[in-house]
Amino acid sequence: MPVQSDLNQPRDLSKYYTTEEQEAMTEEERLETLNALWRNFCVSDTFEPGSTMKPFTMAAGFETGKLTGDETYVCGGSYSYEGVAKPVSCIATDGHGTETLKQVLENSCNVGMMHIADTLGAEDFCRYQHIFGFGEYTGIDLPGEGDTSNLLYTADNMQPIDLGTNAFGQNFNVSMTQLAAGFCSLINGGNYYEPYLVKEIRNAQGDVVETKTPVLARKTVSQETCEILKDYMLGVVEEGSGKSAQVEGYAIGGKTGTAEKLPRSQGKNLNSFIGYAPQENPEVPMHVVVDEPNLAQQAASYLATRLSADIMKEAFPYLNITKSE
């Protein structure tokens with residue numbers, strides 16, 4: 001199926017289908033083809049976020065006062081739930097050993113996150129999912145926004161293992177737009193703004209006839225929580241799983257993600273990285289998703305971090321992003 005089209009000829013299928021093929025299409029088939037042609041993954045498609053969810057889970061812990069920052073956890077490589085035959089594995093099957101909260105994020109440790117989930121509890125976890133915008137429409141000014149309202153658990157139907165796996169980004173869905181909007185609030189001091197694409201509209205004479213101003217929807221986290229999570233995410237890029245997202249001359253923070261797609265047995269993965277720069281006063285976010293890479297072993301978050309770095313190398317000088325001292 002084609003993935004792009006001529007912006008000036010939105011209904012022209014001649015680049016992808018012969019005249020005979022087009023004439024053979026019913027009106028319904030033609031409409032489906034056009035919809036597929038113009039489908040925007042960033043807005044319309046939903047997926048399990050994987051470990052890019054971990055900063056949000058930690059933020060909920062800090063905001064509820066259930067995390068202080070002094071916690072340590074022991075990762076032995078897996079975590080067991082009562083009544084569940086098979087333990088849930090960590091990325092490090094031999095275990096990470098004893099970790100601080102910061103190291104849990106740097107190492108992208110699932111076991112540490114499941115400990116945090118138990119401390120946080122289902123009610124607060126689910127409440128903060130919605131505070132961060134998961135399960136909600138963002139209201140972005142683009143058509144076809146994906147609906148994830150039925151793809152999240154509630155506190156009433158969430159079992160302990162569901163809470164644990166949700167805490168590290170499995171078994172619920174988000175869209176790229178949702179995740180990016182919530183993430184921006186995590187790093188800007190807790191201000192959740194409705195995302196938008198069009199800044200202003202001009203008429204044929206070049207006069208501005210409409211201006212889009214940022215809409216502050218709500219507060220998600222405190223400035224204190226923001227600073228803690230930024231410090232942790234700087235560590236992810238400098239010391240942890242996101243090292244290959246580094247770009248010389250810039251202080252970058254972020255979080256990697258690798259999510260096993262359903263059905264789990266097929267070994268298909270979605271790899272991602274969400275980050276920002278500069279560290280002290282973030283000016284630009286970056287969100288990259290690599291869906292089902294053409295590799296035998298698809299769980300490879302470095303694909304997303306390297307792609308992010310390549311984009312940032314080009315974009316940051318153009319955007320005049322502040323360099324680190």
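**Exercise 1. Disulfides**

Find how many disulfides this predicted model holds.

*Solution.* Search the whole structure for sulfur pairs within 2.5 Å. The search returns 0 disulfides. Now check cysteine 109. Its nearest cysteine sulfur belongs to cysteine 75, 3.6 Å away. The cut-off is 2.5 Å, so the pair does not count as a disulfide.

**Exercise 2. Cysteine exposure**

Decide whether cysteine 109 and cysteine 126 are buried or exposed.

*Solution.* Buried means under 20% relative accessible area. Cysteine 109 has 0% relative accessibility, so it is buried. Cysteine 126 has 7%, so it is buried too. Then turn to the chain: buried residues make up 46% of its 325 residues.

**Exercise 3. Overall dimensions**

Test the radius of gyration of the chain against that of a compact globule.

*Solution.* Start from the length, 325 residues. A compact globule with that many residues would have a radius near 20 Å. The chain has 21 Å, which agrees. For the extents, take the C-alpha trace along its principal axes: about 65 × 45 × 40 Å.

**Exercise 4. Fold and contacts**

Count the helices and strands, then find the share of contacts between residues 24 or more positions apart.

*Solution.* The chain has 11 helices and 11 strands. Next, keep contacts with a separation of 6 or more. Of these, 66% join residues 24 or more positions apart.

**Exercise 5. Surface and charge**

Give the accessible surface of the chain, then locate its charge centres relative to each other.

*Solution.* The accessible surface is about 16700 Å². Carbon and sulfur atoms account for 48% of that area. Next, count charged side chains: 23 positive and 45 negative. The centres of the two sets lie 3 Å apart.

Note on methods:
Residues are numbered from 1 along each chain as its sequence is written. This is a predicted model: local features need pLDDT of at least 70, side-chain atom pairs count only at pLDDT 80 or more; totals for chains, interfaces and linings use all residues. Side-chain values use heavy atoms; hydrogens and water are left out. Buried means under 20% relative accessible area, exposed over 50%, partly exposed in between (1.4 Å probe, protein chains only). Helices (H or I, at least four residues) and strands (E, at least two) are DSSP runs, numbered from the N terminus. The radius of gyration is taken over C-alpha atoms; the globule rule is 2.2 Å times the number of residues to the power 0.38. Contact means heavy atoms within 4.5 Å. Accessible areas come from the Shrake-Rupley method with a 1.4 Å probe; for residues, only the protein chains shown count as cover. Lys and Arg count as positive and Asp and Glu as negative; His and the chain ends are not counted. The place of a charge is taken as NZ of Lys, CZ of Arg, CG of Asp or CD of Glu.
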